[in-house]
Amino acid sequence: MNGKELVRRLVEEGVNRRDPSVLDDIAEGVFAEAARRWVAPFRGAFPDFTMEIVDLVEEQDRVVAHFRCSGTHNGEWLGVPATNRRFENVDEIYVFRVENGKLVAAYGVE
């Protein structure tokens with residue numbers, strides 16, 4: 001599986017279908033552990049969150065992803081109480097690193 005396929009599965013299965021078990025297949029190390037710790041609290045705060053893949057570019061061991069995200073802040077997130085405000089089509093750019101066929105690191109701008 002190439003890097004773009006790994007990111008596609010992360011978004012389609014892990015984020016949009018809300019299946020964190022996909023991390024077992026596509027990620028490992030610090031990235032996988034951080035993603036597992038993030039999923040439940042984030043879902044509690046933004047239960048209707050969705051992510052659209054706008055573009056994926058792969059070069060060597062990196063995948064650059066442009067996402068467009070939407071959701072409603074219905075629960076506490078990072079100490080901020082729910083605002084019940086909805087956000088639509090917020091652009092995010094992430095760079096993922098792939099090692100041995102798994103996602104192992106990511107950083108981005110939201």
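**Exercise 1. Identify the side-chain contact at the start of helix α1, then check the length of the helix and find its buried face.**

Step 1. At the start of α1, a side-chain oxygen of N2 comes to within 3.0 Å of the backbone nitrogen of K4, which can be read as a polar contact (a pair of N or O atoms within 3.5 Å; within protein, one must be able to donate a hydrogen and the other to accept it, and residues adjacent in sequence count only if both atoms are side-chain atoms). The model is predicted, so local features need pLDDT of at least 70 and side-chain atom pairs count only at pLDDT 80 or more, while totals for chains, interfaces and linings use all residues. Residues are numbered from 1 along each chain as its sequence is written, and side-chain values use heavy atoms, with hydrogens and water left out.

Step 2. Helices (H or I, at least four residues) and strands (E, at least two) are DSSP runs, numbered from the N terminus. Helix α1 covers residues 3–16, and at 1.5 Å a residue its 14 residues should span 20 Å, which agrees with the 19 Å between its end C-alpha atoms; the expected span is 1.5 Å times one less than the number of residues.

Step 3. The buried residues of α1 are G3, L6, V7, L10, V11, E13, G14 and V15, where buried means under 20% relative accessible area, exposed over 50%, and partly exposed in between (1.4 Å probe, protein chains only). An α-helix has 3.6 residues a turn, so residues three or four places apart point the same way. The buried residues of α1 pack against α2 (23–26), α3 (29–45), β1, β2 (62–72), β3 (86–99) and β4 (102–109), with contact taken as heavy atoms within 4.5 Å.

Step 4. Just after α1, R18 adopts a positive phi of about 60 degrees.

**Exercise 2. Determine the environment of E13 and of A32, two residues that lie in helices.**

Step 1. E13 belongs to helix α1 and counts as buried because its relative accessibility is 19%. When residues up to four places away in sequence are not counted, E13 touches R8, R18, D19 and V22.

Step 2. A32 is part of helix α3, and its 1% relative accessibility means that A32 counts as buried. With residues up to four places away in sequence again left out, A32 touches L23 and A27. The C-alpha atoms of A32 and V54, which are 22 residues apart along the chain, are separated by 23 Å.

**Exercise 3. Describe three of the salt bridges, and then find a network of shared partners.**

Step 1. The structure holds 9 salt bridges, each being a side-chain nitrogen of Lys or Arg within 4 Å of a carboxyl oxygen of Asp or Glu. Side chains of opposite charge can pair when their charged atoms come close.

Step 2. R36 forms a salt bridge with E33, and the closest N and O atoms are 3.2 Å apart. Because R36 and E33 are 3 residues apart in helix α3, about one helical turn separates them.

Step 3. R86 pairs with D48 in a salt bridge whose closest N and O atoms are 2.8 Å apart. This pair links distant parts of the chain, as R86 is in strand β3 and D48 is in the loop between α3 and β1, 38 residues apart. R86 is partly exposed, with a relative accessible area of 42%, and D48 is partly exposed at 29%.

Step 4. E99 forms a salt bridge with R97, with the closest N and O atoms 2.8 Å apart. In addition, salt bridges that share partners join R9, E13 and D25 into one network.

**Exercise 4. Locate two non-glycine residues with positive phi, and characterise the surroundings of N84.**

Step 1. Q60, although not a glycine, has a positive phi of about 55 degrees; Q60 lies in the loop between β1 and β2 and counts as exposed at 71% relative accessibility.

Step 2. L78 is not a glycine either and has a positive phi of about 55 degrees. L78 lies in the loop between β2 and β3 and is exposed, with a relative accessible area of 73%.

Step 3. N84 is found in the loop between β2 and β3 and is exposed, with a relative accessible area of 55%. Leaving aside neighbours within four places in sequence, N84 is in contact with T72, H73 and N74.
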